[in-house]
Amino acid sequence: MTEAERQLLDLLDVERLETDLFRGTGSGGETPTRIYGGQVIAQALAAAYRTVEDRLCHSLHAYFIRPGDPSIPVIYQVDRARDGGSFTTRRVVAIQHGRQILNLSASFHAGDAGWDHQHPMPEIDGPAAHPTRQTLQERFIDRIPEKQRAEFTRPRPIEIREVEPRDMFEPIPTDDRHYLWFRMGAAAGADPATQHLLLAYASDMGLLGSGLRPHGLSWYTRQVNGASLDHAMWFHAPIRFENWHLYAMDSPWTGAGRSFNRGKVYAEDGTLVASVAQEGLMRRLQPRD
């Protein structure tokens, strides 16, 4: 297990303060200036899981209300909305500085017999055919300001292989559909709930950028102010995140300063294990005088 992987697993292990009150670490995620959205979602889901027995999450819906402050912990207050015969519902409020930064609702299901079908996985070359994150970092490191290079090259817990990566600084308009492979080796042996937490954390990677692609934009072109506004996720099948998964993303609409983005997560054998939807802020960045 790498140090980055250990830190992520520690990050998702929220501390119980009271029966339905938990505390999570604010620092240590993907971004240093504000808390990475996937981190707050995963920690909120972890808090909800600590109040549920013998059921797995099948869906979650979250609203980002305020940017998170990575310099202080996050308090998670769980409301036990319903404990039914087949479904359990939890509402989680994430709090910093006495104010809500995220609301999340999650539903847990005991599982039932039914019918099965799914759309097939896109025909994409396997992860070995695509560059590592380190290879891409080396390609662009000379164009990153020196004071940001340590953060840019910092080891990350999730291994990523981006399919057809774009030039970060001079992207050309392209199709909104894009793909990446991801996994985390230290997920091996983790229980099903932890597998959900890890995939929830990773599901915020690359998704918001889908709406930038048709416009020839990236987060490094300094033309757009972006942030996740909400995030929804549905878990369909068992997850073993130590193995490669394909994240197939698209953005069917942008407008009014917002972007709507979708994602499907497939196991390497083609099983659809999760679906994701997110709306994000996509506001023109106004030049400073």
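Three short exercises with worked solutions follow.

This is a predicted model: local features need pLDDT of at least 70, side-chain atom pairs count only at pLDDT 80 or more, and totals for chains, interfaces and linings use all residues. Residues are numbered from 1 along each chain as its sequence is written, and side-chain values use heavy atoms, without hydrogens and water.

**Exercise 1. Place strand 6 among its pairing partners.**
Step 1: Take strand 5 (residues 87–96), which pairs with strand 6 in the antiparallel sense over ten bridges. Strands are DSSP runs of E, at least two residues, numbered from the N terminus. Pairing requires at least two DSSP bridges between two strands.
Step 2: Locate one cross-strand pair: valine 93 faces asparagine 103 of strand 6.
Step 3: Check the hairpin. Two residues lie between strand 5 and strand 6, and histidine 97 has a positive phi near 55°.
Step 4: Add strand 3 (residues 56–64), antiparallel to strand 6 (residues 99–109) over eight bridges. Here phenylalanine 64 has leucine 102 as its bridge partner.

**Exercise 2. Is tryptophan 219 buried or partly exposed?**
Step 1: Find the residue. Tryptophan 219 sits in the loop between helix 5 (192–202) and strand 9 (224–235). Helices are DSSP runs of H or I, at least four residues.
Step 2: Read its relative accessible area, 41%.
Step 3: Apply the cut-offs: buried is under 20%, exposed over 50%, partly exposed in between (1.4 Å probe, protein chains only). Tryptophan 219 is therefore partly exposed.

**Exercise 3. Which residues does tryptophan 219 touch?**
Step 1: Count contacts as heavy atoms within 4.5 Å.
Step 2: Leave out residues up to four places away in sequence; the contacts are Leu208, Gly209, Leu212, Val224 and Gly226.
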